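Student: I have a model open and want to talk through its fold. Can we start with what the words mean?

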Amino acid sequence: MKITSTSCICPVLVCLCFVQRCYGTAHHSSIKVTRNQTKHIEGETEVHHRPKRGWVWNQFFVLEEHMGPDPQYVGKLHSNSDKGDGSVKYILTGEGAGTIFIIDDTTGDIHSTKSLDREQKTHYVLHAQAIDRRTNKPLEPESEFIIKVQDINDNAPKFTDGPYIVTVPEMSDMGTSVLQVTATDADDPTYGNSARVVYSILQGQPYFSVDPKTGVIRTALHNMDREAREHYSVVIQAKDMAGQVGGLSGSTTVNITLTDVNDNPPRFPQKHYQLYVPESAQVGSAVGKIKANDADTGSNADMTYSIINGDGVGIFSISTDKETREGILSLKK
């Protein structure tokens, strides 16, 4: 007796004709079926039993934030034992089955009945089964598949740490790094450009620039003088969709202060001073005060006074008041 190759053919549950309407793309699931094979070796018959069946599913997609009047079509379940006479019943179980996702138990069509948010839940795990409607016996073992919520650009980039307050030394070289800002986008970074952020400067030019990819802010001019201008308010924008028209954007403010360097000498506000001292004044008594001005600040504006020449080198001495930064001239002899 020979065993033919047509014996022991089992029906299989397959996923057919998935339609992603928003993009006009059709997806088809596939499954490999291995039948019994017969091999003849010099009059002998060898039977190869069919290995355990394995499911091959294409992933289903449902567009997030769908607001159409009708339920959104997700995909279709189908068994090759289904002759179209209604004898096969399709059953859907798992996350959202019967509430979010419904199935026509005769045709196997799956629809989504609610608007979904990918940022709340990215995918749903469900199980499909085909049973004989008359006997209520399974035609296929239960199979697991995933419905993924497909992203749309519904989230603008956000700066979570702003506004920023930073400093940079005056007279820094052009291109000196000031700060790196980072915006986050809750959209799917693996799909399209919805989460691809590009940085630009809205306010603060020509003094500062920003790297469009990294968000690093740098000085854009040579010799930025604190004594000329000390404070700058820089506004940085982050725009998704790689900066294209229609992308969503967010912005933040970076307050930049130039810190002082010792680049200014003390200067006397007048060239000549005239002081009087009575001849009866005691040695060590104060004769008068003079004061120089320094455009720098902090320790860079500290100064000391000294007498370097003139008729009074041996007669007068000068000391420095650290609080007032004045020079106190005293009688030495």
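Tutor: Yes. A residue is called buried when its relative accessible area is under 20%. Keep in mind that this is a predicted model.

Student: With that cut-off, what share of the protein is buried?

Tutor: Buried residues come to 32% of the 333 residues. The accessible surface is about 19,900 Å², and carbon and sulfur atoms hold 51% of that surface.

Student: How many helices and strands are there?

Tutor: The protein has 0 helices and 22 strands. Among contacts with a separation of 6 or more, 64% are between residues 24 or more positions apart.

Student: Which residues touch the most other members in the largest nonpolar core?

Tutor: Val181, Tyr199, Phe208, Ile236, Val254 and Ile256 do, in a core of 22 residues. At least two core residues come from each of strands E13 (164–169), E14 (177–180), E15 (198–203), E16 (208–210), E18 (231–239) and E19 (249–259). The largest share, 4 residues, is from E18.

Student: What is Ile256 in contact with?

Tutor: Beyond its neighbours within four places in sequence, Ile256 is in contact with Val166, Val168, Val178, Phe208, Glu230, His231, Tyr232 and Val234. Apart from this core lies another, of 18 residues, including Ile100, Phe101, Leu116 and Ala128.

Student: Any general reason to expect cores like that?

Tutor: Nonpolar side chains tend to be buried together in soluble globular proteins.

Student: New topic, the sheet with E6 in it. In what order do the strands run?

Tutor: The order is E6-E12-E11-E8, an open sheet of 4 strands with mixed pairing.

Student: Why is one side of E6 and of E8 left without a neighbour in the sheet?

Tutor: Strand E6 (60–63) and strand E8 (88–94) are at the edges and each has a single partner strand, so one side of each has no neighbour in the sheet. From one strand to the next, the twist averages 30 degrees.

Student: How many bridges join E6 to E12?

Tutor: There are 4 bridges between E6 and strand E12 (residues 143–150), and the two run parallel. In one of the pairings, Phe61 has Lys148 in E12 as its bridge partner.

Student: Last one, Val216. Buried or exposed?

Tutor: Val216 has a relative accessible area of 13%. The cut-off for buried is under 20%, so Val216 counts as buried. Val216 sits in strand E17 (residues 216–219).

Student: What does Val216 touch further along the sequence than four places?

Tutor: Val216 touches Ser177, Leu179, Gln180, Ser209, Val210 and Asp211. Thr182 is 34 residues from Val216 in sequence, with a C-alpha to C-alpha distance of 8.8 Å.

Note on methods:
Residues numbered from 1 in each chain as written. Predicted model: local features only at pLDDT ≥ 70, side-chain atom pairs only at ≥ 80, totals over all residues. Heavy atoms only, no water. Buried < 20%, exposed > 50% of the residue type's maximum accessible area, 1.4 Å probe, protein only. Contact = heavy atoms within 4.5 Å. Areas by Shrake-Rupley, 256 points an atom, 1.4 Å probe, with all protein chains shown as cover. Core = buried A, V, L, I, M, F, W, Y, C linked by side-chain atoms within 4.5 Å. Pairing = 2+ DSSP bridges. Axes fitted to C-alpha atoms, helices over the stretch in contact; angles between N-to-C directions.
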